[in-house]
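Hi,

Here is the structure I said I'd pass on. Have a look at it first, and then read my notes below.

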Amino acid sequence: MIRARNVSKSFGDTHAVRDLSFSVNEGEIFGIVGPDGAGKSTLLRMVAGILPPNKGSIEVGGVDAASDPFTIKENLAYMPQRFGLYEDLTVEENIHFFGRVFGVSRREIAEREKGLYEFSRLGPFKDRLAGKLSGGMKQKLGLACSLVHRPKLILLDEPTNGVDPVSRREFWKILYGLLAEGVTIVVSTAYLDEAERCNRVALMYEGRFIVTGTPGEIKSGTGRTLVEIRPSDVWKAEEALKESGEFGFVIREGRALRFFVDDAKRADRRIRTVLSRKGIRAGAAETKVPTLENCFMEIISGGGNR
Ligand code: ADP
């Protein structure tokens, strides 16, 4: 569905996207995960044909995004972080408006409306002004408006940013529903729990994809083991481990410290040596199953296999 080759985009001295090549398969949900400023929005805008790359090319359904943006726009929906809903129009009026903008006939809009209300559960609110909706409902309305022309591909830029956890879960249910209908989805997020819900994920950092794969592949692909210790003094222990420079990224969770090691057994001895020098006691290092977040931190701290 998408094939990007050596795509770069700079704004002055800021290299927002650096020499990216990747593809997205038809019918999958592909997550672009990374912190603020990683380049996610810039990348999505280029895929949507809104922003031309400085270098490289992006094809959407075999059509070049920069040279033929009108053709690709017929088949895709792009939902930016701030989708331009008309707050002084009702839910229904917004759907009608965006339908007309996408060139959908009034008759077709009327036919599709029911389905859009069903999946978004906005039916009971169709006469409410968009400006009076909650954050989560606004995002659902934005999605409904983006879908009125039945796109094959949807690009969602941090759609659940600032949305409460219940609405986030509901939003993801909607995405899975679309996926079941054969729509291809690309979604950016800063939430790593959302990344776990994607078929494939790219971890984006400073304009690059650091690693791409299924969540399972990424978790096993760091090639290292996550261990946890519960030291007598967690603060001092954290400092001692960092100071030693042997253990890479250390994550503190309550009274426990977690970090990646090459070999859990050998590390166990080293940990005790480092800690006992500072008078800190700790039980044996326990092996843990990492979350994607743990792996991401490990990878961007430079410890993992790239
Ligand atoms: P993300 O979506 O991951 O937060 P962005 O793509 O918005 O990242 O931004 C990547 C980098 O490019 C940031 O340093 C940002 O300040 C810069 N940037 C993005 N858009 C523009 C623009 N229109 N003009 C100047 N700099 C920009």
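A quick definition before we start: a residue is buried when its relative accessible area is under 20%, exposed when that is over 50%, and partly exposed in between (1.4 Å probe, protein chains only). Also, this is a predicted model, where local features need pLDDT of at least 70, side-chain atom pairs count only at pLDDT 80 or more, and totals for chains, interfaces and linings use all residues. Residues are numbered from 1 along each chain as its sequence is written, and side-chain values use heavy atoms, with hydrogens and water left out.

Let's begin with helix α3, residues 91-101 (helices are DSSP runs of H or I, at least four residues, and strands are runs of E, at least two, numbered from the N terminus). Its buried residues are Val91, Asn94, Ile95, Phe98 and Gly99. They sit on the same side of α3, because they cover an arc of only 135 degrees around the axis (taken from the directions from the axis to the C-beta atoms). Among the elements covering them are α4 and α5, with contact meaning heavy atoms within 4.5 Å. Just after α3, glycine 103 has a positive phi of about 80 degrees.

Now for that pair: Leu116, Phe119 and Ser120 in α4 meet Lys140, Leu143, Ala144 and Leu147 in α5.

Finally, valine 289 lies in the loop between β14 (286-288) and α11 (292-300). Valine 289 is exposed, at a relative accessible area of 72%. Its C-alpha atom is separated by 28 Å from that of glycine 162, 127 residues apart along the chain.

Cheers
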